[in-house]
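Please look over the sequence and the structure shown below before reading on. The briefing that follows takes up one sheet, its surroundings and one helix in turn.

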Amino acid sequence: MQDPKVFIEIRNVHKSFLEGGKRRIVLQDADAVFYEGETAAILGKSGSGKTTMLNLISGIDRVESGAIIIRGTDLTQLNEKARTLFRRENIGFIFQFFNLIPTLTVWENIILPLELKGEMQKEGRQRAMQLLEDVGLNDRQQTFPDRLSGGEQQRVAIARALVHDPLLVLADEPTGNLDEENGRLILALLDRLTRQAGKNMIMVTHNPEAASIANRVMRIHEGRFVE
């Protein structure tokens, strides 16, 4: 049987932070491979380096040593501007605390990635309208985030993450700030719009139920990936 195509390769990644005058190692010789079309869940206790890993994969942060290669592009070789452009073009991010812009309406939040990419032509707007329907917020286009429930805000965030048809979706504790019922609804939506659609997604979570939608579950333990 042929190996599935490698989508992301993480090689010997090392990352530490200065805390109170001491250096704390978060990731050490971390190695992992993610394959085309899979949803992978990364579990680990608080402070284990899960979010740090997502920030490195997205190019928000830089490794100290090692390589992160996404479809042949080594992010560690790019400067900050090139990483920003790569992220804008190829990555959709879903955050625990939604990170919607409070002064923008639902519609304006969703289309923001299209505007940043200069893709506000007919096709992009149609995709945004379809996603609004998919997340069940067609009637809330002109609503501001502070008028939405937590579950509704996360649905807007999912639509925003997918609107520019990214190569990769990164989800950081997507149900962590929601009650149990809303968490289940968001998981079902993520499963339908990403995993079942064959998109690449990496989800960080401490919730085993959230991890259950993944094709593969990994842990970060003592700075390394463990299958």
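## An edge strand, a sheet and a helix

In this predicted model, Ile91 of strand E6 stands opposite Leu168 in strand E7. The pairing of E6 (91-94) with E7 (residues 168-172) runs in the parallel sense over 4 bridges, and Ala171 in E7 is the bridge partner of Ile94. The protein chain has an average pLDDT of 88, with 97% of the residues scoring at least 70.

**The sheet**

- E6 and E7 belong to an open sheet of 6 strands, which has mixed pairing and follows the order E6-E7-E8-E3-E9-E10.
- Strand E6 and strand E10 (224-226) stand at the edges of this sheet, and because each has a single partner strand, one side of each is left without a neighbour in the sheet.
- From one strand to the next, the twist of the sheet averages 20°.

**Packing on the sheet and around E6**

- Helix H1 (residues 50-57) packs on the sheet, where it touches strands E3 (39-43), E6, E7, E8 (200-204), E9 (216-221) and E10, and its direction makes about 155° with that of E7.
- Helix H2 (residues 80-90) also packs on the sheet, touching E6 and E7, with a direction that makes about 80° with that of E6.
- In a regular strand, the side chains alternate between the two faces of the sheet.
- Both faces of E6 are covered, since Ile91 and Phe93 on one side, and Gly92 and Ile94 on the other, are all buried.

**Helix H4**

- Helix H4 (residues 122-134) has 13 residues, which at 1.5 Å a residue should span 18 Å, and this agrees with its end C-alpha atoms, which are 18 Å apart.
- Gly124, Ala128, Leu131 and Leu132 are the buried residues named in H4; seen down the helix axis, the buried residues fall within an arc of 105°, so they line one face of the helix.
- Lys122, Glu123 and Glu133, on the other side of H4, are exposed.
- The buried residues of H4 pack against three helices, namely H3 (106-117), H5 (150-162) and H6 (180-195).
- After H4 comes Gly136, a residue whose phi is positive, near 70°.

**Confidence by element**

- Among the elements of the protein chain, strand E4 (residues 65-70) has the highest mean pLDDT, at 94, whereas helix H7 (residues 208-211) has the lowest, at 83.

Key
Residues numbered from 1 in each chain as written. Heavy atoms only, no water. Pairing = 2+ DSSP bridges. Helix = DSSP H or I, 4+ residues; strand = E, 2+ residues; numbered from the N terminus. Axes fitted to C-alpha atoms, helices over the stretch in contact; angles between N-to-C directions. Contact = heavy atoms within 4.5 Å. pLDDT = per-residue confidence, 0-100. Expected span 1.5 Å × (residues − 1). Buried < 20%, exposed > 50% of the residue type's maximum accessible area, 1.4 Å probe, protein only. Arc of directions from axis to C-beta.
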